[in-house]
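User: I am new to this structure and would like to learn how to read it. Could you walk me through some of its features?

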Amino acid sequence: MSSIKKNAVEETVEVSENKVKFDESKDFEFVQLDSSIHDQKFKTKPTTFIKDALKRFVKNKSSVVAASILGALILMAIFVPLIDRNDIDHNNDIAVYLPPKWFNKHNGGFFDGTGKVSNVTIDPDTGLPAADDNGNYTYMPSGVVGGRDGITLSPGYADNPSPVVMTRGEGGCLSISSKEGDEVYDAYLYSAEFKYDTDANYSLSVSLNKEYCEEVGNFPSVSLALFTKPKKQEYYKLTESSNTYGTITVDNVTSIIKALDTSLSGEINAYVGVIVEGNEMGMKTTAYVESIELKKGTEVVATGIDEKNNVVSFTSGVASYESYKIAGQGENGAEKGLYHAIVTTGSFTYDYYAAAYCDDVGSFTKTDMDNFYDYGYLTQPFDWDNKNSFQLTPLGEKMCPARSVIDIDANVWGDTESWSATCVRSRYRFFYYKGYISQCKPMNFFFGTDSQGHDFFKVVFAGLLTSLELGFLASIINITIGVVWGAISGYFGGWVDMLMERLTEILGGMPWIVLMTLIVLMFGESNFWIFLLALCLTGWIGTSVTTRSQFYRYKGREYVLASRTLGASDWRLIFQHILPNGIGTIVTGAVLMIPGVIFSEASISYLLPGALSFQGATSFGLTLSTAQGYIQQYPYMIISASIVMSLIMICFNLFGNGLRDAFNPTTKGASI
Amino acid sequence: MWKYVLKRLGLLLITTFIILSLTYILLQCLPLELPRGNETEMYAFLDRQIDLGYFKMVRPYLEDGVTINPEYAKYASGILTSEKERTFATGETVYYVSLPVMVRYFKWLGNIFLRWDWGTSTQISAGQSAISIIMRMLPVSMKLNIVAMIISIPCGIGLGIWAALKKNKPTDHIISTVIMIFISVPSFVLISFMLIWIAYGAGWVPTQWPSSIQASRDWVVAVKGYIIPVLALCFGSICGFARYTRAELCEVMSSEFLLLARTKGLTRAQAVVKHALRNSMVPIVPMIIGEFVAVLSGSMVLEQLYGIPGVGYIFVTALTAKDYSVVMVDSAIYTLIGLFATLVVDLSYGIVDPRIRMGASR
């Protein structure tokens with residue numbers, strides 16, 4: 001034996017002789033050349049299969065990194081819902097859709113809770129974003145970074161008479177169109193009704209926007225008129241219809257109508273207005289009226305629309321859309337509209353957090369005020385007759401939701417009591433008081449907040465916890481069933497195997513989404529356990545197939561035969577002798593099954609969001625599919641949730657592959 | 001060989017039959033959803049169910065018109081519940097009652113085998129035959145899958161070969177990492193990101209599948225509508241192909257016959273093209289053939305998210321709306337495709353590599 005080795009060594013030496021000078025006696029020494037060692041103990045410690053696998057696993061850098069990220073994510077899923085005390089059960093209507101904020105310093109919209117907004121209607125008086133008709137702000141003025149100076153104003157045209165335009169717009173024209181079609185109809189624009197004194201002299205002046213009226217293919221024939229019954233088309237025409245635009249003035253209205261109808265005397269009910277004649281070719285013609293002004297004598301009676309004072313003009317403000325009516329012949333087909341009213345919009349950087357945490361006016365009840373005293377915010381119990389009794393303690397200066405009392409409304413009528421104090425309210429302290437946020441300070445939300453004002457960071461990790469629980473449980477159950485099924489099927493073979501194989505094939509062939517829906521529908525309401533059942537119904541098939549092939553491979557081996565000859569039972573052969581061979585495959589399968597379950601759960605949430613509910617708790621898939629609904633307006637939600645999802649899937653796969661390589665070194669590198 | 005193919009085909013049909021039977025019976029156990037909309041439509045549906053033999057009508061009197069129907073009293077007094085009651089203009093009230101599930105099942109089998117009648121839709125487009133609805137949806141999914149396949153097969157195999165030839169070099173590491181990432185990241189995440197960046201953000205492509213009217217009006221919109229779904233489908237299959245090709249090629253490259261080929265004096269290119277590639281294609285080609293069969297099926301998540309009216313979309317819609325006839329036809333398609341693809345893959349191994357003898361005993 002040793003002589004052969006010697007020869008081999010000598011040969012190698014010869015080959016490499018010209019490179020390194022090799023001296024056998026110095027550099028090479030045989031260990032235990034002539035000693036017999038078969039009855040000696042090993043000096044090194046024997047290694048186990050698991051230890052060996054672990055050693056190999058640690059060498060695989062990417063898997064180790066993946067495993068540690070995975071561990072961190074799992075720990076976060078467990079501890080974030082415990083440590084993060086922000087409320088995710090109750091709705092906070094104010095702090096909704098806050099973008100992610102990591103830094104308190106403004107740095108150009110990069111995770112600082114701000115965002116650029118544009119096309120916001122600006123209130124001309126304050127120069128800040130305007131409230132809507134109900135006094136609610138879409139963009140709070142306090143959230144505008146830089147205040148008035150931070151807003152870049154840009155005037156824009158608005159063509160539809162929306163409430164914002166009606167209240168905040170300026171100028172513009174009323175458009176009045178005759179009907180398009182075969183029959184020719186005139187369209188009338190007329191004022192509100194007023195008393196016309198036929199003894200006095202009036203002058204009517206209407207200005208038509210020349211530019212708009214002369215647009216290609218649109219030359220309306222316009223005449224002025226004094227209507228008596230506009231709906232019945234009774235009117236006195238004051239001018240001949242013409243195609244020239246600009247300001248048309250009629251100085252002697254009374255003499256014109258008296259010439260047309262000599263019986264007129266005293267006061268009559270009248271309307272003034274414009275007639276747009278129908279186009280004889282059947283085209284739609286539109287006149288653009290900028291103002292109508294009526295003077296009585298020399299006195300200008302024109303300061304906006306006021307029916308009581310018989311004033312029928314509009315010269316400033318937005319073209320008065322509501323007060324003017326139109327009529328076509330037979331009320332037919334004439335259209336009125338608003339054209340090019342100027343609405344000032346602005347674009348600015350908006351600090352969503354500053355807006356959500358600003359001070360506003362809110363009312364507090366008696367219970368609230370009592371609580372404030374109990375919590376030590378007030379130096380003395382609040383006296384409901386004296387608002388000066390609201391004295392904050394130093395603690396109250398930091399924590400009390402009410403900063404000062406503006407007004408008290410305290411009434412007692414018999415049994416009915418009504419106590420409310422209108423206060424300057426600090427919103428973040430109010431959130432803390434209500435329990436929405438965990439600390440009494442303007443909070444930063446890492447992932448922003450969702451449609452209900454919940455901390456999305458906590459929502460994501462709470463959902464992840466549910467999904468991980470589902471994944472771990474489903475994988476344990478699936479592996480158990482799969483191993484037992486595959487072991488029986490593979491070990492016994494023959495007709496047992498045939499029958500079990502067909503059953504698996506049928507179950508595996510059924511559309512899983514049908515099975516899942518059936519189970520959820522059959523049990524009525526779905527919860528965690530029913531969903532788990534649905535996942536386990538077909539999930540074990542993969543494991544059973546691999547286990548079966550393992551058994552086919554090993555059951556004919558000599559050591560199994562030897563054990564059987566020694567009288568080992570089937571049970572012992574299966575679980576003691578054959579199954580441990582496949583332990584690596586099984587562990588890897590279990591690890592790789594968890595992301596599979598998370599993926600299935602998420603797919604189901606996407607496909608049938610209605611079919612799933614975890615009785616209050618949300619799963620990760622449900623969180624994702626809900627966030628999908630806001631992909632256009634608030635993409636930060638789907639982005640953050642997707643990143644966590646991708647991270648967990650990538651890490652599970654890398655970790656699983658690392659495990660597979662470690663347990664099964666022969667397959668290393670066979671697949672990525 | 002032929003005997004084996006026939007045997008496998010027979011087994012496939014039996015399995016399909018059992019799966020569809022089970023699906024049908026389970027679906028029939030669920031509460032029935034009558035067609036929405038006007039009454040005429042609903043009664044037309046119910047009358048049709050009677051014609052097909054799934055329902056019966058309980059009238060107040062028996063055939064002779066005189067004897068009182070004892071069963072009727074039970075429905076009238078509410079002891080038994082009917083699916084629907086109907087009062088005719090004559091004042092006669094009748095009850096529509098569904099027959100037991102197993103009776104319906106055998107009638108259903110009869111209708112399919114004798115008349116090829118898979119039932120009519122109740123919700124999606126009431127009154128239309130379920131087959132015609134699915135047939136309308138199939139081309140959409142098919143076109144999408146074919147386009148995706150044409151792109152993904154060459155790209156996937158090419159990437160795989162490239163990575164294998166540069167094994168353990170930076171190129172290989174980069175390709176492998178990208179493949180790893182795209183295989184792990186779920187398709188809906190990919191679709192979401194694409195929607196955010198190229199549809200909503202940049203506005204290059206429509207955010208929803210263009211409707212047939214939009215598409216027929218402007219072919220550019222129709223083409224742009226393909227971008228997101230095709231990309232979403234491609235990423236997965238490109239990575240799948242690349243991964244298998246790389247693994248196979250790596251294995252073949254380290255085999256002895258390739259070493260022999262090089263020792264014989266073949267260049268690396270010759271050895272790779274003539275020897276390694278051909279051998280590595282043995283498991284890949286069946287995969288491609290299987291892909292051809294799967295062209296008929298649609299990705300449910302993708303079609304749902306992008307609003308593509310394909311078989312996957314209609315499956316989910318029908319299931320949510322409880323339109324069971326459509327679900328049945330769709331399940332039949334999915335089941336058949338699944339089983340058929342497995343069969344074709346198995347058989348094509350023998351075609352690609354004649355050394356593999358199909359159906360040979362162990």
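User: How do I compare the length of helix H2 of chain B with what is expected?

Analyst: The expected span of a helix is 1.5 Å times one less than its number of residues. Here, helix H2 (residues 39–52) of chain B has 14 residues and should span 20 Å, which agrees with its end C-alpha atoms being 20 Å apart. Helices are DSSP runs of H or I with at least four residues, strands are runs of E with at least two, and both are numbered from the N terminus. This is a predicted model, where local features need pLDDT of at least 70, side-chain atom pairs count only at pLDDT 80 or more, and totals for chains, interfaces and linings use all residues. Residues are numbered from 1 along each chain as its sequence is written, while chains are lettered from A and ligands numbered from 1 in the order in which they are written.

User: Which residues of H2(B) are buried?

Analyst: A residue is buried if 20 or more other C-beta atoms, placed from the backbone, lie within 10 Å of its own, exposed if 12 or fewer, and partly exposed in between. In H2(B), the buried ones are B:Phe45, B:Leu46 and B:Gln49. Seen down the helix axis, they fall within an arc of 95°, so they line one face of H2(B); the arc is that of the directions from the axis to the C-beta atoms. B:Thr40 and B:Asp51 are exposed on the other side.

User: What covers the buried residues of H2(B)?

Analyst: The cover includes strand S1 (55–58), strand S2 (84–87) and strand S3 (93–98) of chain B. Just after H2(B), B:Gly53 has a positive phi of about 95°.

User: How many residues of chain B are in contact with chain A?

Analyst: Two residues are in contact if their C-beta atoms, placed from the backbone, lie within 7 Å. By that rule, 39 residues of chain B are in contact with 34 residues of chain A. On the chain B side, H7(B) gives the largest share, seven residues.

User: What confidence does the predictor give?

Analyst: pLDDT is the predictor's confidence in each residue, from 0 to 100. For chain B the mean is 85, and 98% of its residues reach 70 or more. Where pLDDT is low, the predicted coordinates should not be read in detail. The complex gets an ipTM of 0.85 and a pTM of 0.77.
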